Amino acid sequence: MSASEDELTAGYHRFRAEHWPAAHAEYEALVKGQKPHTLIVACSDSRADPALIFDAKPGELFVVRNVANLVPPYEPDGLLHGVSAALEFGVKVLNVRRIVVMGHAHCGGVNAMLNGAPDNCADFVAPWVAQGTPVVRHVAETVDAHEVERAAEEAIVRLSIRNLRTFPWIAEREAAGDLTLSGLHFGIADGVLRALTDKPRFEPLA
């Protein structure tokens, strides 16, 4: 067994010993189905876990994670669209009331948009992050050098929010007041969530 498997097994044993005794009734109730209030599109980065950041219980969040928390535009072309499939299920079947796009500091995916994907990630990472490259490069030309990283991460959250609105069943529910779209950015070093508002830069969440 590898070291990573040992860590996973040890974590499972802690879960069973420390968490499960108090939580098993909650999990038993969830067998009947899930009713998450929020769908979160977050980065796959291991340092920015939505369930931890929002102190969420099982069943509360429907989470979609990918490199750089990207939402591609609506393209019902019959091809494989994992993010879009999760959005469709979350909105149409689970009837979530809110969609949150959460970016984070020091995002490797956004860095790849700015500086190019690693050479050994040409099959999938490079074409995936390319959808955000024009946006972040524009940002790099318009802000001071020390602001580029966070401004680019915020710009990708904005891009994903715009792309969410290309899905007709999301736009319709938002217009009817049945669905709210929000953008957030998590600071890994300071633990602060900053929110997309009508101001140029994200503001600390009240």
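## Report on a predicted model

Glu75 sits in the loop between β2 and α3. Helices here are DSSP runs of H or I with at least four residues, strands are runs of E with at least two, and both are numbered from the N terminus. This is a predicted model in which local features need pLDDT of at least 70 and side-chain atom pairs count only at pLDDT 80 or more, while totals for chains, interfaces and linings use all residues. Residues are numbered from 1 along each chain as its sequence is written, and side-chain values use heavy atoms, with hydrogens and water left out.

Glu75 is partly exposed, with a relative accessible area of 44%. Buried means under 20% relative accessible area, exposed means over 50%, and partly exposed lies in between (1.4 Å probe, protein chains only). The C-alpha atoms of Glu75 and His24 are separated by 40 Å; the two residues are 51 apart along the chain.

### The chain as a whole

The protein chain has 8 helices and 6 strands. Their order along the sequence is α-β-α-β-α-β-α-α-α-α-α-β-β-β. The radius of gyration is 18 Å, close to the 17 Å that the globule rule gives for 206 residues, so the chain is as compact as a globular protein of that length. That radius is taken over C-alpha atoms, and the rule is 2.2 Å times the number of residues to the power 0.38. Along the principal axes, the C-alpha atoms fill a box of roughly 55 × 45 × 40 Å.

Buried residues make up 36% of the 206 residues. Take the contacts between residues at least 6 apart in sequence: 66% of them join residues at least 24 apart. Contact means heavy atoms within 4.5 Å.

### Two nonpolar cores

In soluble globular proteins, nonpolar side chains tend to be buried together. A nonpolar core is a set of buried Ala, Val, Leu, Ile, Met, Phe, Trp, Tyr and Cys residues joined through side-chain atoms within 4.5 Å.

The largest core has 22 residues, and Leu39, Leu87, Ile99, Leu164 and Ile170 touch the most other members. Elements giving two or more residues to this core are β1 (38-43), β2 (61-66), α3 (82-93), β3 (98-104), α7 (148-164) and α8 (168-175). The largest share, 4 residues, comes from α3.

Which residues does Leu164 contact, leaving aside neighbours within four places in sequence? They are Val71, Leu87, Ile99, Val101, Ile170 and Leu181.

A second, separate core of 16 residues includes Val110, Ala112, Val135 and Val136. Val110 belongs to helix α4. Val110 is buried, with a relative accessible area of 3%. Beyond neighbours within four places in sequence, Val110 is in contact with Ala68, Val136, Ala152, Glu153 and Ile156. The C-alpha atoms of Val110 and Ala155 are 9.6 Å apart, with their positions 45 residues apart along the chain.

### The largest pocket

The largest pocket has a volume of about 150 Å³. A pocket is found on a 1 Å grid over the protein atoms alone, as an open set of points where a 1.4 Å probe fits, with protein on both sides within 12 Å along at least five of seven lines; lining residues have an atom within 4 Å of a point. Grid points are joined across faces, edges and corners, and the volume is the space filled by probe spheres set on the points.

Tyr74, Glu75, Pro76, His81, Ser84, Ala85, Glu88, Phe167 and Trp169 form the lining. The helix α3 gives the most to this lining, with 3 residues. By class, the lining divides into 5 nonpolar, 2 polar and 2 charged residues. Here Ala, Val, Leu, Ile, Met, Phe, Trp, Tyr, Cys and Pro count as nonpolar, Asp, Glu, Lys and Arg as charged, and the others, Gly among them, as polar.

### Single residues

Two residues other than glycine have a positive phi.

| Residue | Phi | Place | Relative accessible area |
|---|---|---|---|
| Asn69 | near 45° | loop between β2 and α3 | 2%, buried |
| His106 | about 55° | loop between β3 and α4 (108-115) | 41%, partly exposed |

Asn163 lies in helix α7. At 12% relative accessibility, Asn163 counts as buried. Apart from neighbours within four places in sequence, Asn163 is in contact with Val71, Pro72 and Pro73.

Ala56 is placed in the loop between α2 (50-53) and β2. Ala56 is partly exposed, with a relative accessible area of 23%. Not counting residues up to four places away in sequence, Ala56 touches Ala51 and Leu61.
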